[in-house]
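Please open the model in a viewer and keep the selection panel at hand. The tour below proceeds from one residue outwards to the whole chain.

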Amino acid sequence: MASNKMILEASAKHPQPGTAFQYGTAGFRMKADLLDSVVFRVGLLAALRSRKLNGQTIGVMITASHNPPVDNGVKLVDPMGEMLEGSWEPHATLLANAKTDQELLDTYNWLAREVKANTDAPAHVIFARDTRASGPRLVECLTDALKAAGAEYTDYKILTTPQLHYLVRCVNTKGTQYEYGEASEEGYYKKLGEAFKTAMTHRKTSGSVTVDCANGVGGPKLRELIKYLPRGAEGGVDIKVVNDDVVNPDILNSNCGADYVKTQQRAPPSSKANPMDRCCSLDGDADRVVYYFIDESNTFRLLDGDRIATLAASFIRDLARGAGLLDELNIGVVQTAYANGASTNFVTQNLKLPVVCTSTGVKHLHHAAMRFDVGVYFEANGHGTVIFSDRALRTLDKYEPKSPAQHDALKILRALTDLINQAVGDALSDMLLVEVILAHKSITVNEWLNTYIDLPNRLVRVEVPDRNNFTTVEGTAERRLASPAKVQQLIDELVGKYKQGRAFARASGTEDAVRVYAEASTRAEADDLASKVAGIVR
Ligand code: 16G
Ligand code: ZN
């Protein structure tokens, strides 16, 4: 076959550097210098994936999210805008680790037979990158592969990760009854802008919101989005954009951004916000957001993914009730083990909604959320969104409101289905969602914070000789260890001694370490429990 020769020749330009790669929860991610061959091979896999799925369009995003500027990464997006199906992750790893060009070609052809993909069938791929300096070079590696594999492709240049997910979904639903939107960057802004305007009818946010864009792609894209948002008294929102310098590539994610704020538990040092000012931070590819403020006693207060989830769940439940649809729609919340126990209690006891706990990583939460009509899912770190099932969309579409109040609630609910990115967690969309809810509830960030009181908690990173020794019990959402022997038993005995104590240890999927999380009724107890569990693990 002609393409065999082309693949061999193109691959020769991007030799495997002798590194072992693994496609993990965030795709491949590491020093950008090491990624040329990886991105090339991801291109081959994207073509294969498209062919396997009858030529549907597959997305490739080149980004390393909150990592330092010298890193980069690549991940695949499936046709409905979801993460790559789990069973294909090992295929990506296999291709990335082929040692020679010939081995790569053999693996590619073997894989094509294995997944029953015809390498001559049409393939469609779209891709984008964040603002990293290594992006253009990696795009060349990708297009070399797509050309050699005979795939048709479109380069969407610089986008946020969720914008690419949006586009993939738009392209693949075009002309169907589930058409998601106009497949262009402008289409994305128009869709969000119009939905925001509808959701904000007769409302206005109080004060302003300062958005820290991590000096990443979220900055220019937010400035663009603002042009499509209503201004002034009618449904306006006053957005102050900060840390949006994408000209100097070295300051990306440096002392700012969602990851900094969440892990350091402080505002970016450059912040000029006054006490009680509403602030939020995006991460480097704008798929994560956390809110925060400095209170009157100058203490930093974080409103993380758990807080966004509880806020969204309570708002949507109230709207569903207001529309007369609470019994029709099965609303649920999905969290991970890192969710603060107080947030879980708030959802189950105050909101009376079910909570499901899954393993860490967006794809697990997304899947679990799909089992609800309205699935609210967020990781504490700010990754998350709300997804509406086809059944929910049909119900909202067909429903005839029986009063003006029902009509109003229904109108907002419908607007939310457009405002919230259904494909993946999206910092820009989530931020607008929060702004809508705060405006509707007429609450300040402080009132939002006081909805419930978090349990004191502590997260510790523990270096161990081999983190692979730490495996979790299937079906426990990483809350219980299967190995090393006896460790779980020791943790259980310890936890029992603390009031409202809860703790777990799990191997990190992104770093060579074990993470220990503990919470208890007081700060001192939470710290003590975390350090004792860390002691057991070490
Ligand atoms: C990845 C995940 C993130 C998760 C984190 C956990 C995606 C897109 N990203 O970054 O959701 O919170 O891993 O990291 O799924 P850890 O395994 O090191 O704790
Ligand atoms: Zn990210």
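Select glutamine 406 together with Gly322, Ala323, Gly324 and Pro401, the residues it touches when those up to four places away in sequence are not counted; contact here requires C-beta atoms, placed from the backbone, within 7 Å. This is a predicted model, in which local features need pLDDT of at least 70, side-chain atom pairs count only at pLDDT 80 or more, and totals for chains, interfaces and linings use all residues. Residues are numbered from 1 along each chain as its sequence is written, while chains are lettered from A and ligands numbered from 1 in the order in which they are written.

Extend the selection to residues 404-419, helix H14, in which glutamine 406 lies. Helices (H or I, at least four residues) and strands (E, at least two) are DSSP runs numbered from the N terminus. Is glutamine 406 buried or exposed? It counts as partly exposed, because it has 17 C-beta neighbours inside 10 Å; 20 or more others within 10 Å would make a residue buried, 12 or fewer exposed, with C-beta atoms placed from the backbone. Next, add leucine 319: its C-alpha lies 8.6 Å from that of glutamine 406, although 87 residues separate the two in sequence.

Now colour the chain by domain: domain 1 (2-158), domain 2 (189-302), domain 3 (305-449) and domain 4 (457-537), with bounds from an automatic or database domain assignment. Ten residues of domain 1 are in contact with 13 residues of domain 2. On the domain 1 side, four of these are nonpolar, four polar and two charged. The C-alpha centres of domain 1 and domain 2 are 32 Å apart.

Move to ligand 1. Both domain 3 and domain 4 give residues to its shell, so ligand 1 lies between them. Among the 13 residues around ligand 1, select Gly361, Val362, Ser508, Gly509 and Thr510, which come nearest; a residue is near if its C-beta atom, placed from the backbone, lies within 6 Å.

Then select residues 304-442, a span of 55% helix and 14% strand whose end C-alpha atoms lie 20 Å apart.

Finally, display the whole chain, with its 18 helices and 19 strands. Its C-alpha atoms fill a box of roughly 65 × 55 × 45 Å along the principal axes. Of the 538 residues, 51% count as buried. Among contacts between residues at least 6 apart in sequence, 71% join residues at least 24 apart.

Note on methods
Contact = placed C-beta atoms within 7 Å. Nonpolar A, V, L, I, M, F, W, Y, C, P; charged D, E, K, R; others polar.
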